[in-house]
Structure formats: structure tokens, C-alpha cells
Amino acid sequence: MLASISHKGHSYKIDFSKPLDISISLRGDNKNPMAWYLQHPEIEPVIDGDFIEKVSKGSSVNFNSIWFNPHAHATHTECVGHISSELNTIQQHLKTFFFKAELISLEPQQKGDNLVFTKKQISEKLKNIDTEALVIRTLPNYIGKISKDHSHTNWPYIEEDAMILIRELGIKHFLTDQPSVDKEKDDGKLLAHRAFWDYPKNTRFDATITELIYVPNKIEDGEYFLNLQPASFENDAAPCKPVLYKIID
Ligand SMILES: N[C@@H](CC(=O)c1ccccc1NC=O)C(=O)O
């Protein structure tokens, strides 16, 4: 299914039959990725007395309850509600779901004990400074990311001035394969989150950060259309299925 898109004075073609899924599927065992010191999600049948709501146990339906945390377990999209004292939900603030996007792959730089993405790296690699969404794939990229336990790993993070650049370029949606854009243990500073949303000075309520994506190696760096589709949760964050579409011409 081909679609022709007119966007900011340019014409593009994409093929809806060729989605490039950059989400991680959620599962109820320890092959699920984990962060923030939680154990894995649970997907378990409802139990009513002696009766287990599972077809293989005599029920007419499979009827599972699911326990998970969007920030720790799922590809998830968050809004400023993640760091604000007042309630701001992804359902309230994200109102459109298609964006022009650029995917770049970056190897974080060692600075002392930390691995960081710098302003220089991003400004050198980014081709389209007009992009609405920026997707960063961390190098090295490997399939183990879809079941990694990130807790206590001090993952690579975005330096504050790099995030200020991203905001100043007008990029509204930022996607990363790390559990956070910030350093794991930062005494609550959350410098990149605050810089991205410009919170509390000039808050960008419609801007989002999507974490714990996985971008398979077969997807090349470049420009795409992005369908960013978080589930309809009245919460700061919701599980999300971001999908890229290659631009055909
Ligand atoms: N980096 C913060 C902690 C933090 O961001 C956090 C801690 C526990 C559970 C979730 C967290 N952030 C989730 O996005 C700190 O060290 O205070």
C-alpha cells in the first residue's frame, strides 16, 4: 500500500506494507529487558478459587492479567509528566502520530567512568536539521538488547548541551535504545530530560521521549517517516510501538 505525503513543501512516498518495527515486545519472563532494579513483568491467568482462566486448564478463554512498569520493562513514550509535580499524561499531550524522522547510529564516547553522547557527535551526524523526530541507535548494536538487564550498568546517556541542541533544532520527539536519556544514578538531576522539555521555564508539553527501543541492524541510518503510537494511558508514560517507514523517493 503506497502513500504519497506532502510535508513542509516536499513530496515523499512510503509503503505501508513495509513497516520497520523498532519496539521491543513485552513478555512475562526474564528474557524481557529490565531497568530500575525491578524484576521481570508478569503475564499470568486470573485465578478464581480453584479455577484457572486458561484454555489448557479448562477455561473457555485465556484471560491474563499483566503486571509491568512502562519505564522499566517496555518500549515506552513519556511526556513532561515524568518529571513534573503536576499530572501531565501522554494521552493529554500527544495528539498527532506521524512525524518526519532521522535515524542516526552513534558510538558513545568515554568520559571518565561514563559513556556519553556529545553535542559535537550529534551535530556532525545529523543530516536534516529540520527533522521532527530523532532516533539514536547506540553502537555497538546487538540483539541481546531485547532482553538486557540494564540495572546498575551505568548506561550511555545524552549530555545536557547535546539535548539543548536537540531542543533548539525544534526536534519534538526523541527516541533511544537506552532505558533513559540521563545517567542511571544522577542524584535526581535528570539534566537531559529537563533540557529536552525545557522544564519548568518554557515547558514543551507536546514533546516526547521514547526509551527502550531496538533498531535492528538491517535498518540503515537515514530519513524515515515515524508512526509513534503509545497506548492511551492517563499516565506520564505508556507502552509504545514506534514504526519507521522508509522514504521511497
Ligand atoms: N536517575 C535518577 C533516578 C531515576 O531516574 C529513576 C529511579 C528509579 C526509577 C525510575 C527512574 N527513572 C525512570 O525513568 C536518580 O539517580 O535519582
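In strand β13, the bridge partner of F117 is I158. F117 belongs to the run of strand β11 (residues 114-117), and β11 pairs with β13 in the parallel sense over two bridges. Strands here are DSSP runs of E of at least two residues, numbered from the N terminus, and two strands count as paired if DSSP finds at least two bridges between them.

The model is predicted, so local features need pLDDT of at least 70 and side-chain atom pairs count only at pLDDT 80 or more, while totals for chains, interfaces and linings use all residues. Residues are numbered from 1 along each chain as its sequence is written, and side-chain values use heavy atoms, with hydrogens and water left out.

**Sheets**

Strands β10, β11 and β13 form an open sheet in the order β10-β11-β13, with mixed pairing. Its edge strands, each pairing on one side only, are β10 (109-111) and β13 (157-158).

Another open sheet has nine strands in the order β3-β18-β16-β9-β12-β14-β15-β8-β17, again with mixed pairing. Here the edges are β3 (20-21) and β17 (237-239), each of which pairs on one side only.

Within the nine-stranded sheet, β9 (residues 98-106) runs antiparallel to β16 (residues 222-227), and six bridges join the two. Across this pairing, E102 stands opposite E223 of β16, and L103 stands opposite G222 of β16. Strand β16 is also joined to β18 (residues 243-246), antiparallel, by four bridges. There L226 has L244 of β18 as its bridge partner.

**Ligand site**

The residues around the ligand, each with a heavy atom within 4 Å of the molecule, are W36, H71, H82, K183, E184, K185, D186, D187, G188 and L190. This shell divides into two nonpolar, three polar and five charged residues. In this grouping, Ala, Val, Leu, Ile, Met, Phe, Trp, Tyr, Cys and Pro are nonpolar, Asp, Glu, Lys and Arg are charged, and the others, Gly among them, are polar.

Polar contacts of the ligand are pairs of N or O atoms within 3.5 Å. Those listed below involve an oxygen atom of the ligand.

| Residue | Protein atom | Distance |
|---|---|---|
| H82 | N or O atom in the side chain | 2.7 Å |
| G188 | polar backbone atom | 2.8 Å |
| D187 | polar backbone atom | 3.4 Å |

The protein covers 68% of the 410 Å² of accessible area that the ligand has on its own; such areas come from the Shrake-Rupley method with a 1.4 Å probe.

Methods: A polar contact is a pair of N or O atoms within 3.5 Å; within protein, one must be able to donate a hydrogen and the other to accept it, and residues adjacent in sequence count only if both atoms are side-chain atoms.
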